[in-house]
Amino acid sequence: TIAPVAPFDLTLDTSGSLGKSSSNQAQFPFVLTGSDGMAGVRTLQSRLAMAMPNWLPVSRKSTAGEPHMTVLYDRRWVAKQVIEPAITWRVEEFVLVHSLVGLSRYVVLERFPLLGT
């Protein structure tokens with residue numbers, strides 16, 4: 001069981017590539033992420049990790065565990081930079097999605113409304 005999480009505003013205010021510029025990756029994910037505007041999603045992520053420790057470890061050593069939105073994959077690596085205006089929207093549900101890797105297809109398995117107070 002997961003502790004309730006109230007709906008929250010999510011703000012993405014930074015863009016850049018995940019990974020290290022010096023790595024030999026074939027492609028880098030170019031992502032949007034944020035700082036203070038990510039508190040709600042970090043709370044949700046933490047509570048999910050506590051509820052499912054075998055699938056979502058609380059402590060991650062890579063940036064892949066950092067909340068982000070992938071925009072595209074590219075051979076070029078781009079340094080992080082602030083974007084203006086920031087992108088903000090209200091998060092009112094958590095959606096469990098199965099990613100069909102390599103097919104660019106996603107199947108929604110379940111939707112969970114955020115109901116915390």
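What pattern does the protein chain follow when read along the sequence? The answer is β-β-α-β-β-β-β, which comes to one helix and six strands. Keep in mind that this is a predicted model. Here's a quick tour, going from the whole chain down to a couple of residues.

**The chain as a whole**
- Along its principal axes, the C-alpha trace spans about 45 × 30 × 25 Å.
- The protein chain has 117 residues, and 26% of them count as buried.
- If you take the contacts with a separation of 6 or more, 63% of them come from residues 24 or more positions apart.
- The accessible surface adds up to about 8500 Å², and carbon and sulfur atoms hold 56% of that.
- As for charges, the chain carries 11 positive and 9 negative ones, and the mean positions of the two sets sit 10 Å apart.

**Helix H1**
- Helix H1 covers residues 39-51, so 13 residues in total, and at 1.5 Å a residue that should give a span of 18 Å.
- The end C-alpha atoms of H1 are indeed 18 Å apart, which agrees with the expected span.
- Gly40, Leu44, Leu48 and Ala49 are the buried residues of H1.
- Those buried residues pack against E1 and strand E5 (93-100).

**Asp9, in strand E1**
- Asp9 belongs to strand E1, which runs over residues 8-17.
- Buried or exposed? Asp9 falls in between: its relative accessible area is 43%, so it counts as partly exposed.
- Setting aside residues up to four places away in sequence, Asp9 touches Gly37, Thr88, Trp89 and Arg90.
- With Arg90 there's also a polar contact, side chain to side chain, of 3.4 Å.
- Ala39 is 30 residues from Asp9 along the chain, yet their C-alpha atoms are separated by 8.9 Å.

**Thr33, in strand E2**
- Thr33 is part of strand E2, residues 28-33.
- Thr33 counts as buried because its relative accessibility is 8%, and the cut-off for buried is under 20%.
- A polar atom of the Thr33 side chain lies 3.0 Å from the backbone oxygen of Pro67.
- Beyond its neighbours within four places in sequence, Thr33 is in contact with Leu12, Asp13, Thr14, Met38, Glu66, Pro67 and His68.

How values were computed. Residues numbered from 1 in each chain as written. Predicted model: local features only at pLDDT ≥ 70, side-chain atom pairs only at ≥ 80, totals over all residues. Heavy atoms only, no water. Helix = DSSP H or I, 4+ residues; strand = E, 2+ residues; numbered from the N terminus. Buried < 20%, exposed > 50% of the residue type's maximum accessible area, 1.4 Å probe, protein only. Contact = heavy atoms within 4.5 Å. Polar contact = N/O pair within 3.5 Å; in protein donor to acceptor, adjacent residues only side chain to side chain. Expected span 1.5 Å × (residues − 1). Areas by Shrake-Rupley, 256 points an atom, 1.4 Å probe, with all protein chains shown as cover. Lys, Arg positive; Asp, Glu negative; His and termini not counted. Charge placed at Lys NZ, Arg CZ, Asp CG, Glu CD.
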